[in-house]
Amino acid sequence: MAFGWNDNGQPDMLDASTPRAATTADCHRLVREFGEAAVNARQAGFDGVEVHGANGYLFEQFINGELNDRADDYGGSRENRCSLLLAVCATRQ
């Protein structure tokens with residue numbers, strides 16, 4: 001169960017989706033979407049964007065060698081495990 005807003009717009013405990021590993025295609029989409037979000041923030045007048053990557057959030061799950069057991073370009077070596085975060089930070093649009 002997870003806290004969220006139900007169909008009536010009320011705070012409620014809702015069934016949580018089953019976690020799954022992101023595919024390589026999902027990773028490419030994430031990089032693109034983080035880049036688009038940064039562009040949107042700049043266009044809205046923000047000075048910059050902070051990417052939070054600690055305490056079990058998405059990027060920490062990739063960087064942490066104990067959590068990341070991927071066998072694609074985003075797993076294995078430290079450089080590969082960091083590549084998703086580095087790609088997001090390097091995104092320029």
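Is Phe62 buried or exposed? Select Phe62 to begin: with a relative accessibility of 6%, this residue counts as buried. The model on the screen is a predicted one, and the tour below returns to Phe62 after a view of the whole chain.

**Stop 1: the whole chain**

Display the chain as a cartoon and follow the path from the N terminus. The order of the elements is β-β-α-α-α, that is, 2 strands and 3 helices. The chain is more spread out than a compact globule, because its radius of gyration is 16 Å, whereas the globule rule gives 12 Å for 93 residues. Rotate the view to see the extent along the principal axes: the C-alpha atoms fill a box of roughly 45 × 35 × 25 Å.

**Stop 2: surface and contacts**

Switch on the surface. About 7,000 Å² of the chain is exposed, and carbon and sulfur atoms supply 51% of that area. Of the 93 residues, 18% count as buried. Next, consider the contacts in the chain with a separation of 6 or more: 35% of them join residues that are 24 or more positions apart.

**Stop 3: the charges**

Colour the charged residues by sign. The chain has 8 positive and 14 negative charges. The mean position of the positive charges and that of the negative charges lie 8 Å apart.

**Stop 4: Phe3 and Trp5**

Now show the aromatic side chains. The chain holds 3 aromatic pairs. One of them is formed by Phe3 and Trp5, whose ring centres are 6.3 Å apart. Their planes meet at 65°, and an angle over 60 degrees counts as edge-to-face, so this pair is edge-to-face. Select each residue in turn. Phe3 counts as exposed because its relative accessibility is 60%, and the cut-off for exposed is over 50%. Trp5 is likewise exposed, with a relative accessible area of 58%.

**Stop 5: Phe62 and Tyr74**

Finally, select Phe62 together with Tyr74. These two residues form an edge-to-face aromatic pair, with 6.3 Å from centre to centre and 85° between the planes. Where in the chain do Phe62 and Tyr74 lie? Phe62 is in helix α2 (residues 58-63), while Tyr74 is in the loop between α2 and α3 (78-90). The pair therefore ties together parts that are 12 residues apart in sequence. Tyr74 has a relative accessible area of 7% and is buried, because buried means under 20%. Phe62, at 6% relative accessibility, is buried as well.

Notes:
Residues numbered from 1 in each chain as written. Predicted model: local features only at pLDDT ≥ 70, side-chain atom pairs only at ≥ 80, totals over all residues. Heavy atoms only, no water. Helix = DSSP H or I, 4+ residues; strand = E, 2+ residues; numbered from the N terminus. Rg over C-alpha atoms; globule rule 2.2 N^0.38 Å. Buried < 20%, exposed > 50% of the residue type's maximum accessible area, 1.4 Å probe, protein only. Contact = heavy atoms within 4.5 Å. Areas by Shrake-Rupley, 256 points an atom, 1.4 Å probe, with all protein chains shown as cover. Lys, Arg positive; Asp, Glu negative; His and termini not counted. Charge placed at Lys NZ, Arg CZ, Asp CG, Glu CD. Phe/Tyr/Trp six-rings, centres within 6.5 Å; stacked < 30°, edge-to-face > 60°.
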